[in-house]
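Me: Can you take me through this one? I'd like to start with helix packing, then the sheet, then the empty space.

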Amino acid sequence: MNRLQSSLLRNIGEDEFEKMCKFHYARKGDYEKNAVIFHAGDVVHEIGVVIQGSVHIENLDLWGNKSILSKVLAGEIFAEAYALCHEPMMVDVIAAEESHILFLNVDTLMDSQSSETSWYSKMLTNLLDISMRKNLALSQRIIYTTPKTIRGRLLIFLSSQSSKAGSTTFQIPFSRQQLADYLNLDRSALSKELGKMKDDGLLDYYKDTFTIRQCM
């Protein structure tokens, strides 16, 4: 089984990984775009590692309104908190594109016999590091959606993306609809506001590439 050097498998050698696969600690799955990987309400026992492609963590309310809580890229993981706590999923996990996923069985990986293996402590350390980083990412999204105006949310989000890229020209990881879902906005209203910002000389854009023209 091929794998990507993901943060969850950091410092775990090829021989250790092969043993994990041999004893059925790991399996793989292939998903088409928009395929559901986990449903809200599922009780899962596996951590997903995105080997190729990407997935969306989505929330759908009773009125059918969808929000993208996060995008999980290649090398990143999902569902670790639910798998460790065995609590029902409160979100859907959807393939954002054609994706190849590695699943690691938490029940097997973390049982008492596994604690004697060479990779057990490495896995725990990696999980702790990932959990801390995800808490930071969640806090960041809360900041993005705090402003009451559409422009306010866009200003904070695009400024952050520019800072991450270290350039006034950068790409965002979302389509228009996905960006609207992520910022909890109506797509048409978001597109209209982007057009106004472009007319005001604040920025320029083409698809997912943005250029900041003046200080926002």
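Reply: Axes here are lines fitted to C-alpha atoms, for helices over the stretch in contact, with angles from 0 to 180 degrees between N-to-C directions. Helices (H or I, at least four residues) and strands (E, at least two) are DSSP runs numbered from the N terminus. This is a predicted model, where local features need pLDDT of at least 70, side-chain atom pairs count only at pLDDT 80 or more, and totals for chains, interfaces and linings use all residues. Residues are numbered from 1 along each chain as its sequence is written, and side-chain values use heavy atoms, with hydrogens and water left out.

Me: At what angle do α4 and α5 cross?
Reply: Roughly 140 degrees, with the axes of α4 (residues 120-144) and α5 (residues 150-165) coming within 8 Å. The pair is therefore oblique; under 35 degrees would count as roughly parallel, over 145 as roughly antiparallel, 65 to 115 as roughly perpendicular, and the rest is oblique.

Me: Which residues make the contact?
Reply: From α4, Gln140, Ile143 and Tyr144; from α5, Arg153, Ile156, Phe157, Ser160, Gln161 and Lys164. Contact means heavy atoms within 4.5 Å. The residues of this contact are four nonpolar, three polar and two charged, where Ala, Val, Leu, Ile, Met, Phe, Trp, Tyr, Cys and Pro count as nonpolar, Asp, Glu, Lys and Arg as charged, and the others, Gly among them, as polar.

Me: Now the sheet. What is the strand order?
Reply: β1-β8-β3-β6, an open sheet of four strands with antiparallel pairing. Strands pair if DSSP finds at least two bridges between them. β1 (26-31) and β6 are the edges with a single partner strand each, so one side of each has no neighbour in the sheet.

Me: How many bridges between β1 and β8?
Reply: Six, between β1 and β8 (residues 99-105). One bridge partner in β8 is Ile101, opposite Gly29.

Me: And the largest pocket, what volume?
Reply: About 1,200 Å³. On a 1 Å grid over the protein atoms alone, a pocket is an open set of points with protein on both sides within 12 Å along at least five of seven lines, and lining residues have an atom within 4 Å of a point. Grid points are joined across faces, edges and corners, and the volume is the space filled by probe spheres set on them.

Me: Which element gives the most to that lining?
Reply: α4, with 11 residues. Of the 35 lining residues, Leu69, Ser70, Lys134, Ala137 and Leu138 are the closest to the centre of the largest pocket.

Definitions and conventions
1 Å grid on protein atoms, 1.4 Å probe; cavity = no way out; pocket = protein on both sides within 12 Å on 5 of 7 lines; lining within 4 Å.
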